[in-house]
Amino acid sequence: MSAAPDFRPEPAPEELSAAEVRATFAAVVGRAEHAGHTTYITHRGRRVAAIVPADVAEYLEHLEDEHLSTLATESLADPEPSVPLSEVVREMNL
């Protein structure tokens, strides 16, 4: 993925219960694919998942990869000695 997705203005994200999404799944996916629409799936009134356009999910994955790469680079540049995993496990009683 080379560029940020086109975050064009869209109607406010919709919230549907899992049952409502199940009943209208093709339409919900179609809105995400063709209109860039986000639909939050709720369970007992609480947001638990979302259906988003694929380019949005891919962009978020790209940002996460960049962030993790930065953390790894910073960790490797840290002059402090690392702690062996076995020691961490022992100290945490895992």
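In this predicted model, strands S2 and S3 form a hairpin with two residues between them. Arg 44 sits in the turn and has a positive phi of about 55 degrees.

**Strands and overall layout**

The hairpin strands pair in the antiparallel sense, over five bridges. One of the partnerships joins Tyr 40 to Ala 50 in S3. On the other pairing of S2 (residues 39-43), the partner strand is S1, and the sense is parallel, over four bridges. Here Ser 17 has Thr 42 of S2 as its bridge partner. S2 therefore pairs with S1 in the parallel sense and with S3 in the antiparallel sense, given that two strands count as paired if at least two bridges are found between them.

The protein chain has three strands and four helices. Along the sequence, their order is β-α-α-β-β-α-α. Of the 94 residues in the protein chain, 16% are buried.

**Salt bridges**

How many salt bridges does a search of the whole structure find? The search finds two. Side chains of opposite charge can pair when their charged atoms come close. The pairs are listed below.

| Salt bridge | Closest N and O atoms |
|---|---|
| Arg 31 and Glu 14 | 2.9 Å |
| Arg 47 and Glu 15 | 2.6 Å |

Arg 47 and Glu 15 form a salt bridge. This pair links distant parts of the chain, with Arg 47 in strand S3 (residues 46-51) and Glu 15 in strand S1, 32 residues apart. Arg 47 is partly exposed, at a relative accessible area of 43%. Glu 15 is also partly exposed, at 42%.

Arg 31 forms its salt bridge with Glu 14. Arg 31 belongs to helix H2 (residues 25-35) and Glu 14 to strand S1 (residues 14-17), so this salt bridge ties together parts that are 17 residues apart in sequence. The relative accessible area of Arg 31 is 29%, which makes the residue partly exposed. Glu 14 is partly exposed as well, with 25% relative accessibility.

**A negative surface patch**

Which residues form the negative surface patch? The patch consists of Glu 58, Glu 61, Glu 64, Asp 65 and Glu 66. One of these residues, Glu 64, is located in helix H3 (residues 54-77). Glu 64 has a relative accessibility of 48% and so counts as partly exposed. That value is consistent with a place in the patch, because patch residues need over 30% relative accessible area.

**Pro 53**

Is Pro 53 buried or exposed? Pro 53 is buried, because its relative accessible area is 7% and buried means under 20%. Pro 53 is in the loop between S3 and H3. Its C-alpha atom is separated by 9.4 Å from that of Gly 30, and these two residues are 23 residues apart along the chain.

**Summary**

Strand S1 contains Glu 14, the partner of Arg 31 in helix H2, and also Glu 15, which is linked to Arg 47 in strand S3. S1 also pairs with S2, and S2 forms the hairpin with S3.

Key
Residues numbered from 1 in each chain as written. Predicted model: local features only at pLDDT ≥ 70, side-chain atom pairs only at ≥ 80, totals over all residues. Heavy atoms only, no water. Patch = residues over 30% accessible without salt bridge, like charges linked within 9 Å, V, L, I, M, F, W, Y side chains within 5 Å. Areas by Shrake-Rupley, 256 points an atom, 1.4 Å probe, with all protein chains shown as cover. Salt bridge = Lys/Arg side-chain N within 4 Å of Asp/Glu carboxyl O. Lys, Arg positive; Asp, Glu negative; His and termini not counted. Charge placed at Lys NZ, Arg CZ, Asp CG, Glu CD. Buried < 20%, exposed > 50% of the residue type's maximum accessible area, 1.4 Å probe, protein only.
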